[in-house]
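Please look at the sequence and the 3D structure below, and keep both in view while reading. The text moves from one part of the chain to the next.

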Amino acid sequence: MAEQADVVIAGARCAGAATAATLARAGRRVIAVDPVRFPATTVSTHLLFAGGVAELARVGALERVAKIGAPRLSRAFIGGPGHAADGAYNPVDGIDYGLCVRRAPLDQALVETACEAGAEIRQGHRVTALIWENGRAAGVRVRDQSAPGHDGREYEIRASLVVGADGRRSTVARLAGAEHPRIAHANGRACYYAYYDDPHPEWRSTAAMWLTGRELGNAFPCDDGLTLVLLMPPVERAADFRGNLEPEFDRTVGLVPGLAERLGGCARQTRIVSSAEHPSYFRRSAGPGWALAGDAGHFKDPVTAQGIRDAVRFGRLLGESVAGVLDDPVALDRATLAWERTRDAQCVHTYHWTNLLGRGDGLAHVQFELLRALTEGPDGVRRVLDVYSRIRDPRETLALPGLLKATARALRGGSGRRAAIARASGEALAELAGHRAEARRLLTGRP
Ligand SMILES: Cc1cc2nc3c(=O)[nH]c(=O)nc-3n(C[C@H](O)[C@H](O)[C@H](O)COP(=O)(O)OP(=O)(O)OC[C@H]3O[C@@H](n4cnc5c(N)ncnc54)[C@H](O)[C@@H]3O)c2cc1C
């Protein structure tokens with residue numbers, strides 16, 4: 001006998017827990033399954049700008065997350081050779097600070113929020129197949145691998161809607177035939193991160209980023225008195241880190257003098273985590289009886305730290321869109337399609353902005369000049385933070401005159417690198433011109 005639910009969700013972290021909490025609060029029977037046993041970490045840093053913290057509040061998780069004890073990051077700092085700018089947030093729903101909470105406690109808080117709302121979260125259970133009926137997804141097959149030395153017992157859950165919130169390597173996307181993205185971009189930077197102790201109270205309220213040459217380094221104070229140090233070298237430098245992780249990590253910190261100075265007196269407390277390949281994409285994310293939430297449907301380069309915010313936001317919005325129409329398949333499919341369009345419309349310009357900031361080639365020099373110009377004035381950092389908080393359109397910061405000026409400044413200061421800067425800048429300008437067509441293609445679904 002198959003079990004029956006209104007909605008079954010594969011994955012119970014940011015997107016899955018947010019969808020589950022929203023639907024359960026609306027009185028729907030929701031089961032989310034995840035092979036993981038929480039609390040458990042995952043390969044992801046975890047900076048949230050004020051707009052991301054506001055999403056935690058909207059889904060009802062902020063009170064729990066606040067108890068974890070990460071400092072409020074009420075200021076942001078952007079630095080590099082000859083430049084240092086620091087500023088505060090414009091509030092989003094009254095929230096004027098960012099947060100950086102390690103994924104194990106953050107995801108645990110989201111899971112608890114969903115459980116408290118009435119959702120059932122099955123830990124140690126994995127979706128292995130979709131059940132199809134008359135061309136619609138009608139449920140899932142699940143393997144129970146929760147018991148030690150489990151026997152791999154499989155069972156079925158039938159539901160009006162199957163949600164894949166199962167991350168970048170989504171099983172549901174593959175089984176629904178949506179694995180191949182509609183738009184994709186390779187990452188231009190790799191990620192290496194570790195946690196340091198932090199004897200610098202004067203920095204504990206500030207998320208800081210330094211761009212020096214093509215190297216990008218970040219220090220984000222987080223929970224348990226630690227600071228997350230994230231290095232994002234150009235992706236081709238992944239070869240330098242391979243088999244040489246710790247020495248290359250330490251050497252790279254030294255290539256970013258502002259970060260090295262920030263870390264004076266701090267010691268690394270954990271192993272280094274790496275991610276050299278994390279391409280960005282939009283997948284088709286809605287079909288008959290199924291939808292893909294979070295990274296399963298759409299992923300942006302970590303360089304602008306938007307993934308958790310979007311997974312929670314669009315998980316919640318998916319739940320809100322479908323809660324009232326689960327008993328009507330036609331209305332349900334219309335609702336998931338409209339939800340996908342909303343997500344794409346709200347994410348596509350941020351996606352392109354992120355891809356340009358994620359380039360680690362000669363464009364890095366232009367990015368620095370652009371950030372310098374944007375953050376020079378008294379309210380410059382605040383305006384840039386508005387973009388990261390998603391209350392200002394990123395296209396405002398990528399306007400053609402500003403980009404051309406930044407390119408001219410980068411060329412003036414970039415002796416020996418001028419050819420690379422000019423080539424990358426030309427490509428970026430062409431990419432910008434192509435964005436409009438690409439956004440239209442994504443939003444209309446036409447080739
Ligand atoms: C290196 C790196 C750094 C990042 N840094 C940031 C940052 O600073 N800030 C930020 O906002 N975002 C960041 N992101 C993005 C962020 O990690 C993701 O956007 C976010 O985790 C998406 O949440 P999700 O719930 O969609 O997916 P995930 O967090 O990937 O969760 C998916 C869940 O699905 C489960 N699952 C997988 N297969 C199955 C299955 N078959 N059945 C059931 N469950 C399954 C997994 O066990 C997992 O628990 C970063 C990403 C990377 C790679």
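Alanine 286 stands opposite alanine 291 in β21. This pair is a place to begin with a sheet. The model is a predicted one, and the strands named here can be located in it by their residue numbers. Two bridges join β20 to β21 (residues 290–292), and these two strands run antiparallel. Both belong to an open sheet of six strands, whose order is β8-β3-β2-β12-β21-β20 and whose pairing is mixed. At the edges are β8 (120–123) and β20 (286–287), each of which pairs on one side only.

From β21, go one step inward to β12. β12 and β21 pair in the parallel sense, over three bridges. In this pairing valine 163 stands opposite alanine 291 in β21. Alanine 291 is thus met again, since alanine 286 stands opposite it too. On the other side of β12 comes β2, and four bridges join β2 to β12 in a parallel run. Here alanine 10 has glycine 164 of β12 as its bridge partner.

Is β12 covered on its faces, or open? Both of its faces are covered. Leu161 and Val163 lie on one side, Val162 and Gly164 on the other, and all of them are buried. The general pattern behind such a split is that in a regular strand the side chains alternate between the two faces of the sheet. A helix also lies against this sheet: α1 (residues 14–25) lies across β2 (7–10), β3 (30–34) and β12 (161–164). The direction of α1 is at about 165° to β3.

After β3 the chain enters a loop. Proline 39 is found in the loop between β3 and β4 (47–48). The peptide bond that joins phenylalanine 38 and proline 39 is cis, with omega about 0°.

A second sheet has three strands. This open sheet has the order β13-β19-β22, and its pairing is antiparallel. β13 (183–185) and β22 (298–299) stand at the edges with a single partner strand each, so one side of each is left without a neighbour in the sheet. Three bridges join β13 to β19 (residues 280–282), and the two run antiparallel. One pair to find is histidine 185, which stands opposite serine 280 in β19. Helix α10 (residues 329–357) packs on this sheet and touches β13, β19 and β22. Its direction makes about 160° with that of β19.

Next come two helices that meet each other. Two packed helices are described by the angle between their axes and the distance between the axes. For helix α11 (residues 363–375) and helix α13 (residues 400–413), the axes come within 8 Å and cross at roughly 115°. The crossing in which α11 passes α13 is right-handed. Which residues of α11 meet α13? They are His365, Val366, Glu369, Leu370 and Ala373. On the α13 side the contact involves Gly402, Leu403, Lys405, Ala406, Thr407, Arg409 and Ala410. The residues of this contact divide into six nonpolar, three polar and three charged.

The chain can also be viewed by domains. Domain 1 covers 3–46 + 102–185 + 287–351, domain 2 covers 191–275, and domain 3 covers 360–444. The centres of domain 2 and domain 3, taken over C-alpha atoms, are separated by 24 Å. Six residues of domain 2 are in contact with six residues of domain 3. On the side of domain 2 that touches domain 3, the residues divide into four nonpolar, one polar and one charged.

Some single residues in loops remain. Proline 199 sits in the loop between β14 (191–197) and β15 (206–212). Why is proline 199 called exposed? It has 11 other C-beta atoms within 10 Å, and a residue counts as exposed if that number is 12 or fewer. Leaving aside neighbours within four places in sequence, proline 199 is in contact with Gly265 and Cys266. Its C-alpha atom is separated by 9.1 Å from that of glycine 264, although the two residues are 65 residues apart along the chain.

Two aspartates have a positive phi. Phi of aspartate 93 is near 50°, and that of aspartate 224 is about 60°. Aspartate 93 lies in the loop between β6 (83–88) and β7 (99–100), whereas aspartate 224 is in the loop between β16 (215–221) and β17 (226–231). Aspartate 93 is partly exposed, with 13 other C-beta atoms within 10 Å. Aspartate 224 is partly exposed, also with 13.

Conventions
Residues numbered from 1 in each chain as written. Predicted model: local features only at pLDDT ≥ 70, side-chain atom pairs only at ≥ 80, totals over all residues. Axes fitted to C-alpha atoms, helices over the stretch in contact; angles between N-to-C directions. Left-handed = near helix turned anticlockwise from the far one by under 90°. Contact = placed C-beta atoms within 7 Å. Nonpolar A, V, L, I, M, F, W, Y, C, P; charged D, E, K, R; others polar. Pairing = 2+ DSSP bridges. Buried ≥ 20, exposed ≤ 12 C-beta atoms within 10 Å, placed from the backbone. Domains from an automatic or database assignment.
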